[in-house]
Amino acid sequence: MKSSILTAAVLLAALPAAAQTPVARFDAGTVSGLGVRNIGSARMSGRIAAVAARNLDGKTLVYVGAASGGVWKSEDNGTTFKPVFDRESVQSIGAVAIDPGNPKTVWVGTGESWVRNSVSIGDGIYKSTDGGETWSNMGLKASERITRIAVDPRNGDVVWAAVPGSLWSDSAERGLYKTSDGGRSWKLVLKGGNLSTGCSSVALDPGNPDVVYAALWDFRRQGWTFR
């Protein structure tokens, strides 16, 4: 009997640690008791307009665009954030996109995307090639607001920008814009049937980025009403 116990003990000790410790299961039941918590902002003026995230080296890289508070960056799964857009001329953000082929390249569309009566405007689209440390204005300065940016995963120089346009007046700058040279030049590739119809959103087919979906929106806000 003692010999059997000793043999079993020796065999158990010889097993690798992975075989002795059961693998922890992670599924819906594991986190079902955890509630959602607000990690910011706590102010009405801190409306979040855009979020872009990517898994990088085992951690989640996050960029957050505030409607009137610039761009914030987190490199530790959203635990801490730091402002990375404070030196730019505007703080109203409508869109953020990370280049799928290069996480150091980030695009930001300025101008709050929600056409509220108290909305702020932007001054075009910005690009960073060093992870948000520095930014360059890449044009579309008369757009007032940019609501969505899509980057071709095969070629980071090909970028689409959705521009809904001016809030209080007609404008010819509305529509879907495309650059094929990294933002040095832009072409209006889709526009509405009148000067009050702009592009509210754009998305690329993940299986075939040559297939592009865009939404057009006809709207007008006036001091006493909204259409």
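These are my notebook entries on a predicted model, taken element by element.

**Entry 1. The open sheet.**
I began with the strand pairing. I found four strands that form an open sheet, in the order 5-6-7-8, with antiparallel pairing. I then asked which strands stand at the edges. They are strand 5 (93–98) and strand 8 (136–137); each has a single partner strand, so one side of each is left without a neighbour in the sheet. Inside this order I looked up strand 6 (residues 106–110) and strand 7 (residues 125–128), which pair in the antiparallel sense over four bridges. For a residue-level check I took Trp107 and found that its bridge partner in strand 7 is Lys127.

**Entry 2. The largest pocket.**
Next I looked for open space. The largest pocket holds about 380 Å³. It is lined by 22 residues, and I noted Val96, Ala97, Ile149, Ala150 and Val151 as the closest to its centre. Which elements give two or more residues to this lining? I listed strand 1 (48–56), strand 5, strand 9 (148–151) and strand 13 (197–205). Strand 5 thus appears here as well as at an edge of the open sheet. I sorted the lining by class and got 17 nonpolar, two polar and three charged residues.

**Entry 3. Aromatic rings.**
I counted six aromatic pairs in the model. One of them joins Trp217 and Phe226, with 6.4 Å centre to centre and 65 degrees between the planes, which makes the pair edge-to-face. Phe226 also pairs with Phe219: the ring centres are 6.5 Å apart and the planes stand at 35 degrees, so I logged this pair as tilted.

I then checked how far each of these rings is covered. Trp217 has 33% relative accessibility and counts as partly exposed. Phe226, at a relative accessible area of 35%, is partly exposed too. Phe219 has a relative accessible area of 0% and is buried. Phe219 has a charged neighbour as well: Arg174 lies over the face of its ring, at 5.4 Å from the ring centre.

Elsewhere I noted a cluster in which ring pairs link Phe85, Tyr126 and Trp135.

**Entry 4. Strand 11.**
Is strand 11 (residues 175–179) largely enclosed or open? Four of its five residues are buried, so I put it down as largely enclosed by the rest of the structure. I looked up its pairings next. Strand 10 (residues 159–163) and strand 11 pair in the antiparallel sense over five bridges, and Val159 has Thr179 of strand 11 as its bridge partner. Strand 12 (residues 187–190) also pairs with strand 11, again antiparallel, over three bridges. On that side I found Tyr177 opposite Leu188 of strand 12.

**Entry 5. Positive phi in two loops.**
I looked at backbone angles and noted two residues other than glycine with positive phi. Asp57 has a phi of about 55 degrees. Its place is the loop between strand 1 and strand 2 (59–66). Leu140 also has a phi near 55 degrees, and it sits in the loop between strand 8 and strand 9.

Which of these two is buried and which is exposed? Asp57 counts as exposed at 77% relative accessibility, whereas Leu140 counts as buried at 15%. The cut-off used for buried is under 20% relative accessible area.

Lys141 lies in the loop between strand 8 and strand 9 too. Lys141 is exposed, with a relative accessible area of 58%. I checked what the chain brings alongside it and found Asp123, 18 residues apart along the chain, with the C-alpha atoms separated by 4.5 Å.

**Entry 6. A proline in a loop.**
Last I looked up Pro206, which lies in the loop between strand 13 and strand 14 (208–218). Pro206 counts as exposed at 79% relative accessibility. I compared its position with that of Pro153: the two are 53 residues apart along the chain, while their C-alpha atoms are separated by 8.6 Å. Strand 13, at one end of this loop, is also among the elements noted for the pocket lining.

Methods. Residues numbered from 1 in each chain as written. Predicted model: local features only at pLDDT ≥ 70, side-chain atom pairs only at ≥ 80, totals over all residues. Heavy atoms only, no water. Pairing = 2+ DSSP bridges. 1 Å grid on protein atoms, 1.4 Å probe; cavity = no way out; pocket = protein on both sides within 12 Å on 5 of 7 lines; lining within 4 Å. Points joined across faces, edges and corners; volume = space filled by probe spheres on them. Nonpolar A, V, L, I, M, F, W, Y, C, P; charged D, E, K, R; others polar. Phe/Tyr/Trp six-rings, centres within 6.5 Å; stacked < 30°, edge-to-face > 60°. Buried < 20%, exposed > 50% of the residue type's maximum accessible area, 1.4 Å probe, protein only. Lys NZ or Arg CZ within 6 Å of the ring centre and 35° of its normal.
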